[in-house]
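User: Please take a close look at the aromatic residues in this model and how their rings are placed against each other. After that, go on to the other local features that can be picked out.

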Amino acid sequence: MAVAARGCGGVWRRAWQRGAGGPSPAPRGQRAVACNARGGAVPAGKSGLAPWEPVVGLEIHAQISSNSKLFSGSQVQFAAPPNSLVSFFDASLPGTLPVLNRRCVEAAVMTGLALNCSINKKSLFDRKHYFYADLPAGYQITQQRVPIAVNGSLSYSLCIDNKMSQMVTKTVRIKQIQLEQDSGKSLHDDTRSQTLVDLNRAGVGLMEVVMEPDMCCGEEAAAAVRELQLILQTLGSSQAVMAEGQLRVDANVSVHHPGEPYGVRTEVKNINSIRFLAKAVDYEIQRQIEELESGGTILNETRAFDSKLGCTVPMRDKEGKQDYRFMPEPNLPPLILYDAKSLPANMNHQQVVNIDLIHERLPDLPSVKRAKLVERYGILPEHSFTLLNEDGLTEFFENVVKQTQMKPKKVIGWILNDLLSYLKQHSLTVKESPVSSFLLADLLNLLEKKEISSTAAKQVLAELWKGEGKTPLEIVKEKKLELIQDQKELEQICQAVIDGQENEVMAIKAGNLKVLNKLIGLVQRETRGRSNPVVVKQLLEKKLSQ
């Protein structure tokens, strides 16, 4: 069980205070989108007042993909034996000093550039004090005053009414990205009534991405986090595996009437699933509305999401009420970054971080990859989202396209409708699929050459899924699934079906051509999928016109 990474409460307090005291919330048109009845402007309740307007902002802690920790040389490894990866500095022994990890700085700069942030050439480290058993020093080294990146944006897309064909693109502002160290992990043993501490995670490098309160429902929050996750994985700055605690989300939620200041917010801490994030935000919105409608008040508190019960539960009063006693970190000088213009001529390039050099090395981001997929293969935009959302599916699709004669538009149907449904049914990833891209390409080539029907191809795919090592051609021969090439044999089968369906024949001759599909299906059943539906239709139409 992961302990919540303590976020920059001061940043969020200032954001909500601005809403409460001065500037009104961002224009409704900026945030409005069809979030069903759960988000956007919620209909008026018992009070009969104007609709409620939810406000959602996120703080996201992403574990930096690095071999060692942020300020020590300790190895970073998931699920290592407890307290086996702890240096003297991680344990906060007297006399130990932090040494900044260059890789973590470069990852933060790369992420900031990908999120359209301004990179501060001079950023500062601070101590944030609080006392937990899993934080040996009694403080966390973070960037409270001047973070490494500020004022960015993230564009993301989501469906309207769950329809993939109707998508809208929205943008959330990124307030800042800051470097900070993670805490350890507390393990609560209820049986023995004791708490154990594992410091393996203590000091691991984190990027905290603070999003402005620009969202209005769980669906928007989930879509924004999923896009950020894809960007981090594309950059390689974080593996962002939520199941391993590499991406943890704190959701800040409040509701108010349009035109009024922001309401009191609650913070739902340490959400480790995109699906749970959507549920937690939507539940909290409805909880606050119902509480206010019944005459109650919203407490400024920290809550947790209980995935089993599907609701949020109180944890404690807001940490913002405590004094974190922020102070400059005395053992770390300012972090100085350079670009091509500011880099001194006599400077050793190996000893500095060059922003322009990192910018040149940025890979294509998910939005660019989607556009290229649509342009290159002629697939629908919504299909490009599915390809990127499933890890490894884009590579699988492109490998199939390279090895088959079938057009990409038809290939995408087989991958998304058939292969992906098998994978989800058996809870497997693309990389765990027993059907390789080579085998699927072989199968689609048989279909494209009209050696088998689409019905037979689905039977072959089901056999391939068993993973018995057979090729599609071997399965076709073994199951006798080849298309019937004998025209006379096919004509005899069609005639037999016509002779046995007098009512259907009369309906077709009376002008009800839809009934013809039933006759085609009967021929397919009679031939066990070994007949070409197009040829069958032509033969039936010819015989029925006589």
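Analyst: The answer below starts with the aromatic rings and then moves to a buried acid, two helix pairs and some loop residues. The model is predicted, and everything said here should be read with that in mind.

The structure holds eight aromatic pairs. One of them joins F71 and F89, whose ring centres are 6.5 Å apart and whose planes are 70 degrees from each other. Planes over 60 degrees apart count as edge-to-face, so the pair of F71 and F89 falls in that class. F71 and F89 both sit in the loop between β1 (53-63) and α3 (102-114), so their pairing ties together parts that are 18 residues apart in sequence. Both F71 and F89 are buried.

F71 also pairs with F125, again edge-to-face, with 5.8 Å from centre to centre and 80 degrees between the planes. Here the partner comes from another loop: F125 lies between β3 (122-123) and β4 (126-129), while F71 lies in the loop between β1 and α3, so this pair ties together parts 54 residues apart in sequence. F125 is buried, as is F71. F71 therefore takes part in an edge-to-face pair with F89 and in another with F125.

Further along the chain, Y130, Y132, Y324 and F326 form one aromatic cluster. A lysine is placed against one ring of this cluster: K128 lies over the face of Y324, 4.5 Å from the ring centre. A second arrangement of this kind involves a tryptophan, with K458 over the face of W414 at 4.6 Å from the ring centre.

Next comes the acid. D250 is in strand β11, which covers residues 247-256. Is D250 buried or exposed? The relative accessible area of D250 is 2%, and the cut-off for buried is under 20%, so D250 is buried. Two polar neighbours can be named for the side chain of D250. The side chain of K269 makes a polar contact with the side chain of D250, at 3.2 Å. The other neighbour is a backbone atom: the nitrogen of N270 lies 2.8 Å from a polar atom of the D250 side chain. The picture at D250 is thus of a buried acid whose side chain has a lysine side chain in polar contact and a backbone nitrogen at 2.8 Å.

Two helix pairs can be described by their packing. Helix α4 (residues 218-235) packs against helix α5 (residues 274-293) at an angle of about 150 degrees, and their axes are 8 Å apart. That angle makes α4 roughly antiparallel to α5. The crossing of α4 and α5 is right-handed.

Helix α5 also holds Q286. Q286 has a relative accessibility of 27% and counts as partly exposed. Q286 and W52 are 234 residues apart in sequence, yet their C-alpha atoms are 10.0 Å apart in space.

The other helix pair is α10 (residues 408-425) with α11 (residues 437-448), which pack at an angle of about 125 degrees with their axes 12 Å apart. Helices α10 and α11 are therefore oblique to each other. As for handedness, α10 and α11 cross in a right-handed way.

The loop residues remain. K450 is not a glycine, but has a positive phi of about 60 degrees. K450 lies in the loop between α11 and α12 (454-464). With a relative accessible area of 52%, K450 is exposed. K480 is likewise not a glycine and has a positive phi, of about 55 degrees. The loop that holds K480 runs between α13 (472-479) and α14 (487-499). K480 counts as exposed at 55% relative accessibility.

The last loop residue is a glycine. G310 is placed in the loop between β13 (301-306) and β14 (311-317). G310 counts as partly exposed, at 32% relative accessibility. The C-alpha atom of G310 is separated by 7.8 Å from that of Y283, although G310 and Y283 are 27 residues apart along the chain.

Terms used
Residues numbered from 1 in each chain as written. Heavy atoms only, no water. Phe/Tyr/Trp six-rings, centres within 6.5 Å; stacked < 30°, edge-to-face > 60°. Helix = DSSP H or I, 4+ residues; strand = E, 2+ residues; numbered from the N terminus. Buried < 20%, exposed > 50% of the residue type's maximum accessible area, 1.4 Å probe, protein only. Lys NZ or Arg CZ within 6 Å of the ring centre and 35° of its normal. Polar contact = N/O pair within 3.5 Å; in protein donor to acceptor, adjacent residues only side chain to side chain. Axes fitted to C-alpha atoms, helices over the stretch in contact; angles between N-to-C directions. Parallel < 35°, antiparallel > 145°, perpendicular 65-115°, else oblique. Left-handed = near helix turned anticlockwise from the far one by under 90°.
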